[in-house]
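Here are my notes for your first pass through this model. Keep the structure open and check each point as you read.

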Amino acid sequence: MGTDSRACIAALSFQLLGERRFSQSPISHKPSAHGAFIMKGFASKFDWMRYLCIHCHFYQPPRENPWLEQIELQDSAYPYHDWNERIAAECYAPNLAARILDGQHRIARIVNNYSKISFNFGPTLLSWAAERAPDIYKGIIDSDRDSQKQFSGHGSAMAQAYNHMIMPLANSRDKATQIRWGIEDFSKRFGRLPEGMWLPETAVDLESLDLMARAGIAFTVLAPHQASAVRPLGGEDWQDVSGGKVDPTHPYLLRTPSGALINIFFYDGPISQAVAFEKLLHNGEAFAARLTGAFAESDDGPQLMHIATDGETYGHHHRHGEMALAYAFDLIEAKKWARITNYGEFLAKSPPAWEARIFENTSWSCIHGVERWRSNCGCNAGRPGWNQEWRRPLRDTLDWLRDSIAPDFEALGSTLLRDPWAARDSYIAVILNRFPESRQRFGQEHFLRPLSDAEQVTVWKLMELQRNAMLMYTSCGWFFDELSGIETVQVIQYAGRVVQLAAELFSNALEGPFLERLAAARSNLPEYGDGANIYRRYVKPSIVDLEKVGAHYSISSLFTPYGEKADVFSYEVKRLDYHTGEAGQLRMALGQASFTSKVTQESEILTFWVVHFGDHNVAGGVRKGDGGGTYQDMLASISGAFERVDIPEVVRLLDRRFGEKTYSLRSLFRDEQRRIVRIILSSTVAEAEAAYLQLYDRHAALMRFLMTLGTPMPREFTAAVEYAINGLLRRAFSNDELDAERIRNLLREAQAGNLTLDRTTLEFLLRQKVDSLAGRFAADPSNLTKLQDLHKCLTIVKQMPFPVNLWAAQNHVYAIQGRLYPRLRRRAQRGDERAQQWLDQYVSLSELMSIRLPA
């Protein structure tokens, strides 16, 4: 789950988790006729009786703007662009290269945790990683392949119901599509069919399990309190295991009402709780001991000790948690306390000898079942005086919207598609690959007849209508405490996209009744009022159409030169004509371009005109393309007025040609808006910076004298000096060549004046510098000059009054241990002077980076 969502497990009290084990009768561990047919592989002779599996549920709520298909800037994630990027740096990447330290806190080894754990990644998160963090994405996919080699051909990756919808609260159609999309997304990315599937929040009902089983899923993982009763296969009497008393060390077979079979693993609740909330990850040795101490001495058959938590526990929620995980694995394997495995392998070795019943409509993160996602059940983060009464009207409103569009979707879809709902199920192939070949295959399978371009656009809009109608049920929208939170606004945005598409497709004015219902959801914060106000405040301004894309393109074109073809988020722009002009402070752009949605294929030729009057004053207009003569007349009249610098005439022509609807910097999408504002402010900021630096330079001696007297500096002086010192350090860290003496002097000045440094920004800049130099060195490791440059930089880093994250740089330097370092060491031993120089620098660099060299 995302940030703070690990609170889900804490909501489950120890009383509910109860005792882990129930009194067992002797059971057979031989393959069972009831379970063997859905096992991959075969049962083998046990060379181990104690097995360990750690499952990590990696997930972030989809954060993409529904119209742009990209995540916009999130200031709360600073210094990163957004929370996905930040959590990737804190968790997803570190688990690919986790450190195992020696007794002197040096890096002894770097290991890949993914190759040893069981894991699932939310499909929407993997979609982001594939585009924005390709190295991490590749590492995850490769780790699953590595795990197949370790675990008898069974990959450790599990699928997940597509967009983290709470399955028991979904209708039957959505459940089936979520499972289908989850399987197909997994197969496309991992190159194999999934054996297991993770249920979002482990929220379970028999219908979902039945659909999973019939789709070929062999197993899932649930919390211990979700088990109701168990009995031996072939037995008659059920044993009550409510309250978390189920034995988690064995798999169980569950028979659905239709007769389908699926295996269930109930994880160890108390240890999972300790990992997530009781600081068990603060000590890797204690973690290993707790894991292996859970085996029952009295059980002489194979046992599986397994836990399940949010994957973000290892590094994001608990800093360096990935190191505790790596150390625990290393210690357990070295001491032979247990054999590391995954669910698929253990199931093949030890098919279930018991069957289970479950409590339906339960989850791992709500002691009231699944009420956290539809009512004010009391599960929350504990803000005093707040309530979550808004959850019910929000869900009711979205249910109404989903059910309102279904008949029209079916009616219009049936005129173009063989089966609109079957087409929706298959649409995942287009989502995964929006190239023409994928759309063509979809059309061959589902189009009722050859469709015109306009009819195909209608089909893609119908499919996007349904995609967003499922995305609006992403669980995080209800998980947290407040209606105006970013996760809840996100699901309302998806609903806004549904409302927009329904209006375009069916001419249905759903926005009014939608807002009437949404108004029943009340915020805890008076300034937000209700859901309807939040929609108007955050969602309505975000709604995008082709005209708004045209406005963005035209305004940003004054600040960013575009080529003949350009991508603007999820839109393609082909320039047909473009003219610019400058007159004094005025700048102008006028032109025509074709704008096409990569998602729906909707396309329009638009004419645009934008004028920059100076500073932040920008005005522009957009309208559908004119014929050649009309456009040329407009071009002539506007150009004439502009050349005369006749500003009133320019404004009058803008109004006459483009109507009253004009666009400004407020119309830009957030990232580009922020970038252009920085450009506009750059001269003003430079003036302010120069003034502060001048004040600092003129009065530095006086300020130092006041410090020696112990006299507090005037606040005006302190502000000026802090701004100046931080600005000078930022500049120094950004220079191609680091001036060590200059940096040291600035740091001494800051320390003497007890000044506050902008540590977050300075650390990030210095980290980027180190990473850049380390990358250059790794690309040409025998180059002594590049090694010396990196060494010099690290010497400066070690003098900083704040820690600098050296993770990426350490990876580069550590990798050279196994390649170039042994060769050059042998050459140095034979008397090669240059090799000795390189060796001396590399040894010193390794010491600076706390990396242990092999003996």
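**Notes on the fold**

1. Start with a strand pair. Strand 10 (residues 252–255) and strand 11 (residues 261–266) run antiparallel, and 4 bridges join them. Take one bridge as an example: Leu-253 has Asn-263 in strand 11 as its bridge partner. Remember throughout that this is a predicted model.

2. Now widen the view to the sheet. Its 6 strands follow the order 7-11-10-14-8-9. The sheet is open, and its pairing is mixed. Which strands stand at the edges? They are strand 7 (219–222) and strand 9 (239–240). Each has a single partner strand, so one side of each is left without a neighbour in the sheet.

3. Look at the edge strand 7 next. Strand 7 pairs with strand 11 in the parallel sense, over 4 bridges. Within this pair, Val-221 stands opposite Phe-265 in strand 11. As background, strands of a sheet pair through backbone hydrogen bonds, either parallel or antiparallel.

4. Follow the side chains of strand 7. Phe-219 and Val-221 point one way, while Thr-220 and Leu-222 point the other way. Are these residues buried or exposed? All are buried. In a regular strand the side chains alternate between the two faces of the sheet.

5. A helix crosses this sheet. Helix 7 (residues 206–214) lies across strand 7, strand 10, strand 11 and strand 14 (354–358). Helix 7 runs at about 115° to strand 11.

6. Move on to the hairpins. Strand 17 (residues 586–597) pairs with strand 18 (residues 603–614) in the antiparallel sense, over 10 bridges. Phe-595 has Glu-604 in strand 18 as its bridge partner. The two strands, 17 and 18, form a hairpin with 5 residues between them. In the turn, Gln-601 has a positive phi of about 70°.

7. Strand 18 has another partner to examine. Strand 18 and strand 19 (residues 617–624) pair in the antiparallel sense over 8 bridges. Here Trp-609 stands opposite Gly-621 in strand 19. How many residues lie between the strands of this hairpin? There are 2 residues between strand 18 and strand 19, and Asp-615 takes a positive phi near 55° in this hairpin.

8. Helix 10 deserves its own point. Helix 10 has 15 residues and reaches 21 Å from its first C-alpha to its last. That span is close to the 21 Å expected at 1.5 Å a residue. Buried residues in helix 10 include Met-323, Leu-325, Phe-329, Leu-331 and Ile-332. What covers the buried residues of helix 10? The cover includes strand 1, strand 2 (98–101), strand 3 (107–111), helix 9 (284–292) and strand 13.

9. Check what follows helix 10. Lys-336 is found in the loop between helix 10 (321–335) and strand 13 (339–340). Lys-336 has a positive phi of about 55° although it is not a glycine. Lys-336 is exposed, with a relative accessible area of 61%. Measure from here to Phe-559 in your viewer: Lys-336 and Phe-559 are 223 residues apart in sequence and 63 Å apart in space, C-alpha to C-alpha.

10. Compare that with His-164. This residue lies in the loop between strand 5 (157–160) and helix 6 (172–190). His-164 has a positive phi of about 60°, and it is not a glycine. Is His-164 buried or exposed? His-164 counts as buried because its relative accessibility is 0%.

11. One peptide bond needs a look. A cis bond joins Tyr-78 and Pro-79, with omega at about 10°. Pro-79 lies in the loop between strand 1 (50–58) and helix 3 (83–92).

12. Finish with a helix pair. Helix 25 (residues 715–734) and helix 27 (residues 759–779) pack at an angle of about 10°, and their axes are 9 Å apart. Helix 25 and helix 27 are therefore roughly parallel to each other. By class, their contact has 5 nonpolar, 3 polar and 2 charged residues. Among those in helix 25 are Leu-729 and Phe-733, and among those they meet in helix 27 are Leu-762 and Leu-765.

Key: Residues are numbered from 1 along each chain as its sequence is written. This is a predicted model: local features need pLDDT of at least 70, side-chain atom pairs count only at pLDDT 80 or more; totals for chains, interfaces and linings use all residues. Side-chain values use heavy atoms; hydrogens and water are left out. Buried means under 20% relative accessible area, exposed over 50%, partly exposed in between (1.4 Å probe, protein chains only). Axes are lines fitted to C-alpha atoms, for helices over the stretch in contact, and angles run from 0 to 180 degrees between N-to-C directions. Angles under 35 degrees count as roughly parallel, over 145 as roughly antiparallel, 65 to 115 as roughly perpendicular and the rest as oblique. Contact means heavy atoms within 4.5 Å. Ala, Val, Leu, Ile, Met, Phe, Trp, Tyr, Cys and Pro count as nonpolar, Asp, Glu, Lys and Arg as charged, and the others, Gly among them, as polar. The expected span of a helix is 1.5 Å times one less than its number of residues. Two strands pair if DSSP finds at least two bridges between them.
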